[in-house]
Amino acid sequence: MGAVIRPVGTFLFTDARHLQIATLSSLLLFLLFFHDFAPDIKVVFMTVLSALIAQIFFCWVFIFNHRDAEAQSFYLKKLRVSVPLWLIKTDFRSPFITSLSLCLLLKANALWVFPLAALAAIGSKFLIRHKDKHIFNPANFAIVAGLIVFPDLVWVSPGQWGADIWLGFALAAAAVLVLSTARRGDMALLFLGFWGALLLGRALWLGDPLEIPLHQFQSGALLIFAFFMISDPKTTPDHLLGRVMFAAATALLAFTLQFEFQVREALFYALFATCVSVPFIDSVLKAKTYQWGNA
Amino acid sequence: MKVLSSFLFVMMLMTSAPAQAFCGFYVAKADADLFNEASKVVLARHEDRTVITMANDYKGEVSEFAIVVPVPTIIKKSQVNIADSKIIDHLDAYSAPRLVEYYDSDPCQMVMRREMMMSAAPMAVMEDAAGASSAKALGVTIEESYTVGEYDILILSAEQSDGLFQWLNQEGYKLPDGAEKVLRSYIKQEMKFFVAKVNLDEFDKSGYTFLRPISVAYEHEKFMLPIRLGTLNAKGPQDLILMTITKKGRVEPTNYRTVKIPTGEDIPLFVADEFGDFYKAMFEKQAREEDYKAVFLEYAWDMAWCDPCAADPVPPEDLRKLGAWWIEDTPEIQPLPRPMPGQPPRVMPQIMPVPAPVNSFITRMHMRYTGESFPEDIMLQVTDDRENFQGRYVMRHPFTGEAKCEAATDYFETLPERFEREAKTLANLTGWKIADIRTKMRDGGQPFDIQPKVDERPWWEQMWNE
């Protein structure tokens, strides 16, 4: 039986993103079948397709030095398909993760918002850069841009999943973290640690029962944010100390926005703001830039 | 001692409103008390402006009535208004889950289809209040003190929860166990306390026999419903019906899951006589399956039209009274109603000759919760979602006239299967026993061996005595 499973297993484990895609897709499928406020299937198709097309377009325009192009061409060679080099160099995994995150978080009452959001997300990755890294997490950029540009069309529903789905998803995301042994898995845990500490601290200060911070922690949006946005190795500081500072700053800012200013989308605004500081942190605390697939 | 029931109050009774005649056809009354211990709240919200109206079906001694509601800012006298309970009942009836009736047409010839409906409109209430004296010594500041309508109102701020707790107790308000901790949490969150009790002289003067709803208007970014005091002394799960009026769209909680109430199901005919029981049983089953952790969406609709209307749309001036300050006085002509997706086209036009308000969206949420399932206050947000939703149940009357064409044979052959499907649907929704349902269906005009009515007169009588 090992012989049958191994190719799939090896494929899944060659890159942390394969597992991430598997987790996000499973969650999305589950919601599509069992949830009242799941995204429309049209939305999913349009978002994913637009993100992939945008990725192809931008790769074609800026043929970047994708180091994982070889890994892909290996599979293409096996299939004896000949494709132009720039297309081989196009990576489809990141836009897939981005668009799945968008499908899960972004809500809008106009269909055209979704391809536009996907385009903005992927575009930001290629256009807003510093040295070898993009500044913003693409999905987070699209969400914040959507909220700012179309305040009458776009919203985020942070309280949308029940506790059961939350638990299942939390376990799956944690499993991905462990299995993929991604070097930057620490980012999600750092953020969740700081965020949890702030919620707990608030409850202790207010004299609230512990059920309250626990309940606040059980947010589906928080999980996607922690495991698939802030943990994006391309938009986090390279140095461990930098990452600790980055996680703490994001958590503190989000906490202030959420509880002091009553901003319901606090996490996304906070990450948007702190991402700008990453090039400065990197210039002070130097370390090797992360490369996908080298985990 | 006044029995303090908390925000949002505990002891609300919900009675269902009389069934609404629809398009001239009166069906039946769902006049049972639907939900016990339910509170009914209307929230109007746009930008930072909030108007909260707490409806009141308090049945006890008015001298015992008191409420304590945490509010984000100090409320001046002009920010409090006595609302007309009729408007709230109207909004309630308009947004309540509804039963729609269709008549199968003669399978041999198309006959006019009629629809009727009624609403399971629940009503509700509130209670509680305060006084004044050694306040300062206990660190309690009486920020405002005034009388509006039949209510004596105090706006309190406090430094310490024990002082506030002690003071309220001195003044005769019986706070539930554990209230002090919750008060402390609200004090630290810089909340003030809106405390109201009945002024008996004013109440007698008013000539009313019931307590009218209180509306409070304030401007603050906080958009939430403080429920924690209310869960302290509740015995078992309690009900809250929250109706919101917004300019943008649907309101949803950001820290609890929203679930749509099952809708559009075909159910047996006998339910018309016990629609209240049906809805009650169904709601309880749904709430229990969600472990009382969900907020149920019962209605989400653009106020400009309704289809079918459980009651006439609430006129714009009434919505303004409930806090929809953005609605202009000049009424606009209502657009033609659009048919709902999946709904058969209607033969009878239902254009309501009522001037319709523009830019208001009604959301009706129903939650049944306990202190364990809803540990935190309900945080709300206004979304841009303008998709319409309604809790709607369908009865289809089989054709009972004479029919003896080939189509009629086919039609009658399909009926037992359809009845069985309806029975199963009802059993699934309510948890009622399928055998009981089948019996009631047999007695209620849906026998499983239904046959077309046959004219047994001799052919010459049929020919000449039509």
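## Exercises on chain B

B:Q286 sits in helix α6 (residues 275–289) of chain B; helices (H or I, at least four residues) and strands (E, at least two) are DSSP runs, numbered from the N terminus. This is a predicted model, in which local features need pLDDT of at least 70 and side-chain atom pairs count only at pLDDT 80 or more, while totals for chains, interfaces and linings use all residues. Residues are numbered from 1 along each chain as its sequence is written, chains are lettered from A and ligands numbered from 1 in the order in which they are written, and side-chain values use heavy atoms, with hydrogens and water left out.

**Exercise 1.** Work out whether B:Q286 is buried or exposed, and which residues it is in contact with.

*Solution.* Start with the scale: buried means under 20% relative accessible area, exposed over 50%, and partly exposed in between (1.4 Å probe, protein chains only). B:Q286 has a relative accessible area of 13%, so it is buried. Next, look for contacts (heavy atoms within 4.5 Å). Skipping neighbours within four places in sequence, B:Q286 touches B:I261, B:P262, B:F296 and B:L429.

**Exercise 2.** Find which parts of chain B the pair B:K76 and B:E144 ties together.

*Solution.* First, the bond: a salt bridge is a side-chain nitrogen of Lys or Arg within 4 Å of a carboxyl oxygen of Asp or Glu. B:K76 and B:E144 form one, at 2.9 Å from N to O. B:K76 is in the loop between β7 (66–71) and β8 (80–82), and B:E144 is in strand β11 (residues 140–148), so the pair links parts of chain B that are 68 residues apart in sequence. Finally, check the surface: B:K76 is partly exposed at 43%, whereas B:E144 is buried at 19%.

**Exercise 3.** Take two salt bridges of helix α8, B:R418 with B:D104 and B:R421 with B:E417, and place each partner.

*Solution.* Begin with B:R418 and B:D104, whose N to O distance is 2.7 Å. B:R418 belongs to helix α8 (residues 406–430) and B:D104 to the loop between β9 (98–103) and β10 (115–119), so this pair joins parts of chain B that are 314 residues apart in sequence. B:R418 is buried at 13%, and B:D104 is buried at 16%.

Now take B:R421 and B:E417, at 3.8 Å from N to O. Both lie in helix α8 of chain B, four residues apart, about one turn of the helix. B:R421 is partly exposed at 49%, while B:E417 is exposed at 56%.

**Exercise 4.** How many salt bridges are there over all chains, and which residues are linked in a network?

*Solution.* The count over all chains is 31. The network of salt bridges links B:K40, B:D89, B:D92, B:E298 and B:R364.
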